[in-house]
Amino acid sequence: MARLDPLADLVAALQRLPGIGARSAQRLAYHLLKTPREEIEALAAAMLGVKDRVTYCTICNNITDVDPCGYCTADDRNPRLICVVEQPENVASVEKTRGFRGRYHVLMGAIAPLQGVGPDDLKIKGLLARLTEGVDEVILATNPNVEGEATALYLARLIKPLGPKVTRIAMGVPVGSDLDYTDEFTMSKAMEGRREM
Ligand SMILES: [Zn+2]
């Protein structure tokens with residue numbers, strides 16, 4: 001029988017996290033080994049809290065602890081302006097600019113035929129349903145890479161006949177990148193410089 005190796009198990013588990021390679025996983029594991037027990041307990045509790053208490057907004061699909069989320073219910077946010085992003089973390093990127101006072105719609109991905117992700121795998125139906133409630137503009141803030149562009153084009157074709165103006169964020173954001181890694185100045189410029197599709 002194989003011997004239990006808690007440290008190796010921890011390294012293996014950490015290595016499954018995005019952006020964590022073998023070396024980082026090992027460094028983190030040794031760091032955790034030296035961390036006081038109460039800090040580890042707080043960390044574990046925070047991780048479980050995310051699983052137990054955080055859910056997805058039934059209107060916009062953003063992560064939230066109340067449903068509908070604060071963005072969907074805020075009175076000082078324009079319900080006639082919707083910013084479409086790929087992932088919940090992209091909402092934070094747009095929020096950092098502090099210039100956007102509309103609402104959001106999270107697609108939960110982008111069209112990526114090579115990975116087997118088609119339009120039906122994304123939260124598009126919910127977006128179209130929201131447009132029947134009177135929307136003036138839909139800002140497509142999908143990532144400036146091949147998948148994000150394909151998704152934006154697909155959505156523009158679908159939404160324009162329904163009436164709202166459809167705009168795409170400016171490509172001050174480096175092409176091929178992810179909005180997550182975009183600083184707030186670049187993101188601000190990308191929103192300000194958006195073009196009609
Ligand atoms: Zn919401």
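Helices (H or I, at least four residues) and strands (E, at least two) are here DSSP runs, numbered from the N terminus. By that rule N61 sits in a loop, the one joining β1 (55–56) to β2. The model is a predicted one.

**Overall build**

The protein has 8 helices and 7 strands. Its C-alpha atoms fill a box of roughly 65 × 35 × 35 Å along the principal axes. Of the 197 residues, 26% are buried. Among contacts with a separation of 6 or more, 56% come from residues 24 or more positions apart.

The domain assignment gives two entries: domain 1 spans 6–53 and domain 2 spans 73–196. Their centres, taken over C-alpha atoms, are separated by 33 Å.

**The α1/α2 pair**

Helix α1 covers residues 6–15, and helix α2 covers residues 22–34. They pack at an angle of about 130°, and their axes are 8 Å apart. Therefore α1 is oblique to α2. The crossing of the two helices is right-handed.

Which residues of α1 and α2 make the contact? From α1 come L7, L10, V11, L14 and Q15. From α2 come A22, A25, Q26, L28, A29, L32 and L33. By class, the contact of α1 with α2 has 10 nonpolar residues, 2 polar residues and no charged ones.

A8 also belongs to helix α1. Is A8 buried or exposed? A8 counts as exposed because it has 12 C-beta neighbours inside 10 Å, and the cut-off for exposed is 12 or fewer. Its C-alpha atom is separated by 9.9 Å from that of A25, 17 residues away along the chain.

**Backbone outliers**

Most residues other than glycine have a negative phi, and most peptide bonds are trans. Three places in this model call for a check against that background.

One is the peptide bond between D67 and P68, which is cis, with omega at about -5°. P68 lies in the loop between β2 (63–64) and α4 (70–73).

Another is N61, a residue other than glycine whose phi is positive, near 70°. Why does N61 count as buried? It does so because 22 C-beta neighbours lie inside 10 Å, and 20 or more are needed for a buried residue.

The remaining place is M108. M108 is not a glycine, yet its phi is positive at about 65°. It is found in the loop between β4 (102–106) and α6 (124–131). M108 is partly exposed because 17 other C-beta atoms lie within 10 Å.

**Burial by residue**

The table gathers neighbour counts for four residues.

| Residue | C-beta atoms within 10 Å | Class |
|---|---|---|
| N61 | 22 C-beta neighbours | buried |
| M108 | 17 other C-beta atoms | partly exposed |
| A8 | 12 C-beta neighbours | exposed |
| D52 | 9 other C-beta atoms | exposed |

**D52 and V117**

D52 has its place in helix α3, which runs over residues 37–53. D52 is exposed because only the low count of 9 other C-beta atoms falls within 10 Å, against a limit of 12 or fewer. How many residues apart in sequence are D52 and V117? The pair is 65 residues apart in sequence. In space, D52 and V117 are 28 Å apart, C-alpha to C-alpha.

Technical notes:
Residues are numbered from 1 along each chain as its sequence is written. This is a predicted model: local features need pLDDT of at least 70, side-chain atom pairs count only at pLDDT 80 or more; totals for chains, interfaces and linings use all residues. Domain bounds come from an automatic or database domain assignment. Axes are lines fitted to C-alpha atoms, for helices over the stretch in contact, and angles run from 0 to 180 degrees between N-to-C directions. Angles under 35 degrees count as roughly parallel, over 145 as roughly antiparallel, 65 to 115 as roughly perpendicular and the rest as oblique. A crossing is left-handed if the near helix is turned anticlockwise from the far one by less than a right angle, and right-handed if clockwise. Two residues are in contact if their C-beta atoms, placed from the backbone, lie within 7 Å. Ala, Val, Leu, Ile, Met, Phe, Trp, Tyr, Cys and Pro count as nonpolar, Asp, Glu, Lys and Arg as charged, and the others, Gly among them, as polar.
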